[in-house]
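This report describes how parts of a protein chain pack together. Keep the structure in view while reading.

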Amino acid sequence: MSEISEANTAAQHCGLVAIVGAPNAGKSTLVNALVGQKVAIVSPKAQTTRTKLMGVAIRDETQLLLVDTPGIFEPKRRFDRAMVAAAWGGAEGADVIALVVDAKGGLGPKVTEIAEALKGRSEPIYLVLNKVDLADKPKLLLHAERLNAMLPFAETFFISAQTGDGVKELKDAFAAAMPAGPWHYPEDQVSDASERALAAEVTREQIYLQLHAELPYASVVETEKFEERADGSAEIHQQILVERVTQRAIVLGKGGARIREIGARARAELAVLLDRPVHLYLHVKVKPDWDEDRSVYRDLGLDWVD
């Protein structure tokens with residue numbers, strides 16, 4: 001190793017930031033903003049994030065490992081319990097925990113319950129009031145005061161992950177809190193997600209964006225085949241699992257129009273993210289008990305919970 005590279009390594013810092021909060025607080029949007037490009041899917045639907053995903057951001061000599069966790073909520077079925085377990089698991093071993101709060105939505109029981117659950121943690125905990133561009137300004141300080149009275153936060157930030165307001169200052173604070181140590185990932189790597197997982201997430205995002213409330217959390221996308229063709233393009237085969245025949249009809253649309261549109265938009269985005277042409281093949285399968293299939297949890301990176 002050269003003297004220059006040794007010096008660079010010696011100056012490096014690296015650490016883990018766990019991004020936690022209630023559903024729809026803007027955690028994934030924040031991770032994307034901190035990384036500087038899209039690594040996590042986003043949609044107006046709550047609980048869009050289903051499993052832990054790590055975004056990798058750089059600030060000077062510091063590498064930030066940003067764990068985007070599912071929203072923490074009251075679980076009602078096994079799949080819900082697995083997502084909540086993934087959220088709390090994402091906070092294990094963190095150098096900093098960031099509680100992201102939707103400042104526009106206010107402080108409901110979901111937020112206060114998470115704050116209560118964080119009491120007694122040894123890691124520094126930052127309060128991040130997000131969506132300040134949409135919030136009632138006079139209430140912002142009241143929200144911050146009330147939450148800090150419940151749990152004395154190491155730092156409090158007012159940001160808009162959507163507009164970028166305050167994100168630089170938050171990133172600087174995260175970087176300053178990271179311990180000395182070598183980087184865990186190459187400089188050009190922005191996520192720990194595999195290309196197979198990324199492909200499934202992009203298609204699932206299009207399902208959410210195009211179907212909105214028509215299809216609740218009754219679907220999952222599995223990448224069955226991901227191969228590179230001789231010409232360098234990617235061939236991807238995915239199945240969309242739904243619980244009922246009526247939901248299959250919704251995903252397909254009249255004459256297959258909806259599934260073609262989902263595929264076209266997902267294909268276009270994947271071609272940009274993977275930096276090569278993509279051939280995407282989708283089919284929809286009715287599987288009433290998909291959320292009781294251990295293989296689905298394994299493919300999503302979720303632990304099976306009782």
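## Loops, cores and helix contacts

Asparagine 24 is partly exposed, with a relative accessible area of 33%. The residue sits in the loop that joins β1 and α2. Its phi is near 65°, which is a positive value in a residue other than glycine. The model discussed here is a predicted one.

Lysine 131 also has a positive phi, about 65°, although it is not a glycine. Lysine 131 is placed in the loop between β5 and α5. With a relative accessibility of 19%, lysine 131 counts as buried, because the cut-off for buried is under 20%.

The table lists four residues with their location and accessibility.

| Residue | Location | Relative accessible area | Class |
|---|---|---|---|
| Asparagine 24 | loop between β1 and α2 | 33% | partly exposed |
| Lysine 131 | loop between β5 and α5 | 19% | buried |
| Glycine 181 | loop between α6 and α7 | 16% | buried |
| Alanine 200 | helix α7 | 10% | buried |

Glycine 181 and threonine 62 are 119 residues apart along the chain, and their C-alpha atoms are separated by 8.9 Å. Leaving aside neighbours within four places in sequence, glycine 181 is in contact with Gln12, His13 and Cys14.

Alanine 200 can be described in the like manner. From C-alpha to C-alpha, alanine 200 lies 5.8 Å from threonine 223, and the two are 23 residues apart in sequence. Threonine 223 is also one of the contacts of alanine 200, together with Val221 and Gln238, when neighbours within four places in sequence are left aside.

### Nonpolar cores

The largest nonpolar core has 31 residues. Those with the most contacts inside this core are Ile97, Leu99, Val101, Leu118, Leu127, Leu147 and Phe153. Two or more residues come from each of these elements: β1 (13-21), β2 (53-59), β3 (62-68), β4 (96-102), α4 (109-117), β5 (125-130) and α5 (137-150). Valine 101 touches Leu127 and Leu147, and its other contacts are Ala25, Gly106, Leu107, Val111, Val128, Leu129 and Asn130, not counting residues up to four places away in sequence. Another core, of 25 residues, lies apart from the largest one, and includes Leu34, Val100, Tyr126 and Val167.

### Helix contacts

Two packed helices are described by the angle between their axes and the distance between the axes.

Helix α2 (residues 27-35) packs with helix α6 (residues 167-177) at an angle of about 80°, and their axes are 10 Å apart. Helix α2 is therefore roughly perpendicular to α6. On the α2 side, Leu30, Ala33 and Leu34 meet Val167, Leu170, Lys171 and Phe174 of α6. The residues of this contact divide into six nonpolar, no polar and one charged.

Helix α7 (residues 195-211) and helix α9 (residues 257-274) have axes that come within 9 Å and cross at roughly 135°. These two helices are therefore oblique to each other. Their crossing is right-handed. Among the contact residues are Leu198, Val202 and Ile207 of α7, and Ile262, Ala266 and Leu270 of α9. Charged residues take part too, including Glu195 and Glu205 of α7 and Arg258 and Glu269 of α9. The residues of the contact of α7 with α9 divide into ten nonpolar, three polar and six charged.

How values were computed:
Residues numbered from 1 in each chain as written. Predicted model: local features only at pLDDT ≥ 70, side-chain atom pairs only at ≥ 80, totals over all residues. Heavy atoms only, no water. Axes fitted to C-alpha atoms, helices over the stretch in contact; angles between N-to-C directions. Helix = DSSP H or I, 4+ residues; strand = E, 2+ residues; numbered from the N terminus. Parallel < 35°, antiparallel > 145°, perpendicular 65-115°, else oblique. Left-handed = near helix turned anticlockwise from the far one by under 90°. Contact = heavy atoms within 4.5 Å. Core = buried A, V, L, I, M, F, W, Y, C linked by side-chain atoms within 4.5 Å. Buried < 20%, exposed > 50% of the residue type's maximum accessible area, 1.4 Å probe, protein only.
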